[in-house]
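Thank you all for coming; I would like to walk through one structure with you this morning, slowly enough that nobody needs to have seen it before. Please have the sequence and the view in front of you as I talk.

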Amino acid sequence: MPVAAVNLIGDDHVFFAASTGFEGQRVDMRRDVSFCAHAIARNEVMVVPDASRDARFYDNPLVTGFAGVRFYAGVPLYSPGGLALGALCVIDSVPHFDFSDDDRARLADLAQMACDRLELRRLEHSTERARRPFEDDARTSPTAVVWFDESLRVMAWNKAAASIFGHVPADGPGRLVVDFLAERHRAAVGGLIAQAAAAGTADGLVVPDGLAGVRKDGSEFPLGVALFCWRDKGKLTFHAHLQDLSSHPGQSAELRRLSTTDLLTGLANRASLYRRMEEALAGSAGACLLLVDIDGFKDVNDTLGHGVGDGVLREAAQRLVECVPLLATVARTGGDEFAVLIPGCTSHRESMAAARSIVDSLAEPISVNVHEIRITASCGLAAAPGDAQEALELFSNADLALFKAKSYGRGQVFAYAATLRMEATARRLYSIELHRAVSEGEFVLFYQPQIRLSDGSLRGAEALIRWQHPQRGLLSPAAFLPALENGPLASVVGFWVLDEACAQAAHWRRCGATDFRIGVNLFGAQFRVNDMAAEVAATLQRHGLPPHALELEVTENIVLDDDDLVLGVLEKIKGMGVGIAFDDFGTGYASLSLLKKYPVTRLKIDRSFVQSTPESERDTAVVRAILDMARSFDLETVAEGVETEMQRDYLKDCGCQEGQGYLFSRPVSSYEFSESFRLRTENRMGKLA
């Protein structure tokens, strides 16, 4: 992206804390114009693929004016206390429909790093007064402040700092800053400052606890030190905030704790983890990173409450600490996400052993209050230098491995391999193409007839999606449906299919197929957005289609993924008079129990059983059992994959009402379907012998 910014939101304007790409541009910074003001209202990454087509922004001055914003992606920035501070954003002057889920996750990671840096900056600001010239504020500040250079010579200190040591301000400049420390601590502090001078930054350096200052009279006192440095006109300058801890014990330790520690679990926080990763990868020994995600943790919070959830997280943190090497860094990086950095561990074999130990440990029952809770965890890992050379790359690769582990189910462990990056790239490219397919109208519907076996008459059709790819031609669902189902476009495409199929069915009913029924497959995502039942009702009304002319097909996976939500929606839809078909019946484990619970009106016998009927005794027995079951539940049936007359006749003799398959017709375009069944205004319903 050519433009990026960290925006802080004020009352009526936004302010750049950092930006690039705006050079030479006059940018409208009013809050009511800012995209980022919208982003902070959402607790997620906000993506605007093309602002000129977005109802919120198409007439925005940033879109219509000189800036010419077309693409925007922003994520809110929060303080540790949850206060919305602003947003991190990336911007382009051309639209992008290729911003993938991986891109969203990476932007969110960067935003968290920005939040961590902002918090460190806030702490720094609170101690050094935003690095204003010494004479402006520090000289009269009640905060003890001392400035010194790389050679440890004091450049200036204020009255508060001088008084801590029993001196007057004129006593400080020109002296070595370590002279004001107990002799036993001078070498350690001098070495620490030399280390910061070599690195050009004090970030990540930890000032030792237990420092003692020396007053003018020779007496010692506990001294707290917060150390910062920066370059001013090419010269490195150090700034120390000092505290006499004899009257305020623990303040220095608290300052460090806030900036490096996760308050709930006591583990290192994300900022501290990144620093440790950078240190480990800067050396030659290498390291491995394990990312651990608690499976289904939201269910714990939802059913038992956040208090119990917090207890589970604290116990999980303790177990992680107990089952990793002493020198490892254990961090909490998100709500239910943890990381373990093991320095010197560079082999997948050793890393896998550590990962399995973690997963096994977390699988043991956890007792919180009166509850005994069982959780599972998934783990992805990557090792440096073999898998990555830089900290962010190591984290990203471990995250890809975690994604792969979770795709196999709960409690799985997976190590990074180069193929995962290739798969992620392929998913991203496919996502780009799918977005283009939606925006350019490349999806089309084909229709496969459903025939009444008793007389060969047309009863309806199943609407089947195809992709008219501009380079690869007509693609079947197998080529793209898995990517579509698991991506952000599933609900959009699903509702388009519903609308298109209902429009076509209404047309055919007006052309003579008066009892025609259309079958439409649903995506699981459609149940989680909008109001599914209201969408169905609106679609039927829009096209003048009676409810009984629509049959929605669901699979076992959709039902099981979100049981209660799906059940409630299907009951509403069934109450309208719309049919509910259970697709691929007989292939899953839970089909029988689901029949008792769900408002199903039809079973679709899977083609895997039909194709070997009546030759295979086992498949024939399964088909007979399904038909008997359907009669017992008063359900209608349709057999898929009917390819021979023998199969058709056998199914008819067994009492199956309808058939669908190549014997009758392959899936065809709406035009071919109309021609085959003579569905024109003047003709009646077609029939196949």
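Let me begin with helix α10, residues 306-322, which lies across the strands β11 (287-294), β12 and β13 (337-343), and which runs at about 15 degrees to β13. Before I go on, please keep in mind that this is a predicted model, and that the values I quote are computed from it.

The strands I just named belong to an open sheet of five strands, whose order is β12-β13-β11-β16-β17 and whose pairing is mixed. The edges of this sheet are formed by β12, residues 329-332, and β17, residues 413-415, each of which pairs on one side only. On average, and with direction ignored, neighbouring strands here are turned by 15 degrees against each other.

A second helix to look at is α12, residues 391-407, which lies across β11, β16 and β17 and runs at about 145 degrees to β16. Strand β16 itself, residues 377-384, pairs with β17 in the parallel sense, over three bridges, and in β17 it is Val413 that stands opposite Cys379.

If you follow the chain onward from β16, you come to a cis peptide bond, which joins Ala384 and Pro385 with an omega of about 10 degrees. Pro385 has its place in the loop between β16 and α12. Where is Pro614 placed, which is joined to Thr613 by a cis peptide bond with omega at about 5 degrees? Pro614 sits in the loop between α20 (607-610) and α21 (617-632).

Let me step back to the whole chain for a moment. Its secondary structure comes to 23 helices and 26 strands, and of its 689 residues, 50% are buried. Among the contacts between residues at least 6 apart in sequence, 61% join residues that are at least 24 apart. The chain exposes about 32,600 Å², of which carbon and sulfur atoms supply 51%.

Turning to the interior, the largest nonpolar core has 80 residues, and those that touch the most other members are Ile518, Leu550, Leu552 and Phe673. Which helix gives the most to this core? That is α15, residues 490-510, which contributes 10 residues. If we take Ile518 and leave aside its neighbours within four places in sequence, we find it in contact with Tyr447, Ala461, Ala463, Ala501, Ala505, Leu545, Ala549, Leu550 and Glu551. There is also a second, separate core of 36 residues, which includes Val308, Ala316, Ala328 and Val330.

Next, the cysteines. A search of the whole structure finds zero disulfides. Cys656, for example, is in no disulfide, and the nearest cysteine sulfur to it, that of Cys654, is 8.6 Å away. Is Cys656 buried or exposed? With a relative accessible area of 4%, Cys656 is buried, whereas Cys323, at 21% relative accessibility, counts as partly exposed. Cys323 is not called buried, because that word is kept for residues under 20% relative accessible area.

Two residues deserve a look for their backbone. Leu152 has a phi near 75 degrees, which is a positive value in a residue other than glycine, and Leu152 is found in the loop between β6 (144-149) and β7 (154-157). Asn369, also a residue other than glycine, has a positive phi near 55 degrees, and Asn369 lies in the loop between β14 (366-368) and β15 (371-373). As for their surroundings, Leu152 is buried, with a relative accessible area of 16%, while Asn369 is exposed, with a relative accessible area of 68%.

I will finish with another asparagine, Asn7, which lies in strand β1, residues 3-9. Asn7 is buried, at a relative accessible area of 5%. What is Asn7 in contact with, once its neighbours within four places in sequence are left aside? The contacts of Asn7 are with Phe15, Phe16, Cys36, Leu85, Gly86, Ala87 and Cys89. Thank you for listening.

Notes
Residues are numbered from 1 along each chain as its sequence is written. This is a predicted model: local features need pLDDT of at least 70, side-chain atom pairs count only at pLDDT 80 or more; totals for chains, interfaces and linings use all residues. Side-chain values use heavy atoms; hydrogens and water are left out. A disulfide is a pair of cysteine sulfur atoms within 2.5 Å. Buried means under 20% relative accessible area, exposed over 50%, partly exposed in between (1.4 Å probe, protein chains only). A nonpolar core is a set of buried Ala, Val, Leu, Ile, Met, Phe, Trp, Tyr and Cys residues joined through side-chain atoms within 4.5 Å. Helices (H or I, at least four residues) and strands (E, at least two) are DSSP runs, numbered from the N terminus. Contact means heavy atoms within 4.5 Å. Accessible areas come from the Shrake-Rupley method with a 1.4 Å probe; for residues, only the protein chains shown count as cover. Two strands pair if DSSP finds at least two bridges between them. Axes are lines fitted to C-alpha atoms, for helices over the stretch in contact, and angles run from 0 to 180 degrees between N-to-C directions.
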